[in-house]
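Let's take a walk through this protein together, one stop at a time. Have the sequence and the 3D view open, and follow along as we go.

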Amino acid sequence: EMKLGTKKRVLFVGEYSQVSTGFAAIARHLLPELYAKHGDKFEIAELACYLPEGHPNADIVPWKVYGNRPAQGDNRSNAVFDSNPQNEFGLWAFDKVLLDFQPHVVVTWRDPWFDQFIHKHPYRRLFKFVHMPTCDGTPQKHEWLSDTASADLILTYSFWAKMVLERETNGAIKVFDVASPPIDTEAFKPQNKKELRKNFGVPEDTMIFGACMRNQP
């Protein structure tokens, strides 16, 4: 029996918002804002990968959290969990969460192969899927493009990724918008260069070059 109510139920699937990973950092900034500013419109839940079912850390946020790993000590369930790589990405608990939370919308922002089970799920017609796949190489695999094209709304991390997805599918993929995650201004902010170099024992006249890149073709 479907739940009734005026709020739209939105399920975020990914690494638990309270762990220290890049994907989790997006959730850690986005979900509190959504909960605080639009809690009257949306009921929020999180399918938290790498968090065991029933873990006490699920209670440190105000929205509903479903753990995706079997509880520690449940050797039989953990053996089943380890038998399918997709379980790690949310497949393990996805059916149960869909039946309990009954989301109108499912949202992810991660590598396209993580979400293959969502694209092909037998309940797929019952929810809208907002998908922001990583795209940092070209050409993209055909199966990734095919899966991405089946999402209801597609976002990208960069304008370059938008161009690649649309070009390599001859327009079958229509990216709704570019949703680049912003920097954390508490961690990245201007500092006194002389003091910073002194703290690290670096001579003031040293020329420093920085680079950030991915090991992709």
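Let's begin with Phe-94, which is buried, with a relative accessible area of 0%. Keep in mind that you're looking at a predicted model. So what does Phe-94 touch once its neighbours within four places in sequence are set aside? It's in contact with Leu-11, Val-13, Leu-47, Phe-117, Ile-118, His-121 and Phe-127.

Pick out Phe-127 from that list, because it counts as buried too, at 5% relative accessibility. A search of the whole structure turns up 9 aromatic pairs, and Phe-94 and Phe-127 make one that is edge-to-face, with 6.2 Å centre to centre and 85 degrees between the planes. Phe-94 sits in helix 3, while Phe-127 is in the loop between helix 4 (116-119) and strand 5 (128-131), so the pair ties together parts that are 33 residues apart in sequence. Elsewhere, ring pairs join Phe-23, Phe-89, Trp-113, Phe-114 and Trp-144 into a cluster.

Now zoom out a little. In soluble globular proteins, nonpolar side chains tend to be buried together. Here the largest nonpolar core has 46 residues. Which of them touch the most other members? Phe-94 is on that list, along with Leu-11, Phe-12, Leu-47, Val-65, Trp-109 and Ile-118.

Next, have a look at helix 2 (residues 75-82), where the buried residues are Ser-77, Asn-78 and Phe-81. They cover an arc of only 100 degrees around the axis, which puts them on the same side of helix 2. Flip to the other side of helix 2 and you'll find Asn-75 and Arg-76 exposed. As for what the buried residues of helix 2 pack against, that's strand 3 (64-69) and helix 3 (91-101).

Helix 5 (residues 142-149) can be read in a similar way. Its buried residues are Trp-144, Leu-145, Asp-147 and Thr-148. Seen down the axis of helix 5, they fall within an arc of 165 degrees, so they line one face of the helix. The parts covering these buried residues of helix 5 include helix 4, strand 5, strand 6 (153-156) and helix 6 (159-168). You've met Trp-144 already, as a member of the ring cluster.

Let's finish with the empty spaces. The largest pocket has a volume of about 840 Å³. It's lined by 25 residues, and those closest to its centre are Ile-26, Leu-30, Met-132, Ala-179 and Pro-181. Which elements give two or more residues to this lining? They are strand 1 (8-15), helix 1 (22-38), strand 4 (105-108) and strand 5. Helix 1 supplies the largest share of the pocket lining, 7 residues.

There's also 1 cavity of 30 Å³ or more, with a volume of about 70 Å³. Around the cavity you'll find Phe-12, Val-13, Gly-14, Glu-15, Phe-23, Ala-27, Glu-46, Trp-109 and Arg-110. Strand 1 and helix 1 are the elements that give two or more residues to the cavity lining, and strand 1 gives the most, with 4 residues. Some of these names should ring a bell: Phe-12 and Trp-109 came up in the nonpolar core, and Phe-23 in the ring cluster.

Technical notes: Residues are numbered from 1 along each chain as its sequence is written. This is a predicted model: local features need pLDDT of at least 70, side-chain atom pairs count only at pLDDT 80 or more; totals for chains, interfaces and linings use all residues. Side-chain values use heavy atoms; hydrogens and water are left out. Buried means under 20% relative accessible area, exposed over 50%, partly exposed in between (1.4 Å probe, protein chains only). The arc is that of the directions from the helix axis to the C-beta atoms. Contact means heavy atoms within 4.5 Å. Rings of Phe, Tyr and Trp (its six-membered ring) pair if their centres lie within 6.5 Å; planes under 30 degrees apart count as stacked, over 60 as edge-to-face and the rest as tilted. A nonpolar core is a set of buried Ala, Val, Leu, Ile, Met, Phe, Trp, Tyr and Cys residues joined through side-chain atoms within 4.5 Å. On a 1 Å grid over the protein atoms alone, a cavity is a set of points where a 1.4 Å probe fits but cannot get out, and a pocket is an open set with protein on both sides within 12 Å along at least five of seven lines; lining residues have an atom within 4 Å of a point. Grid points are joined across faces, edges and corners, and a volume is the space filled by probe spheres set on the points.
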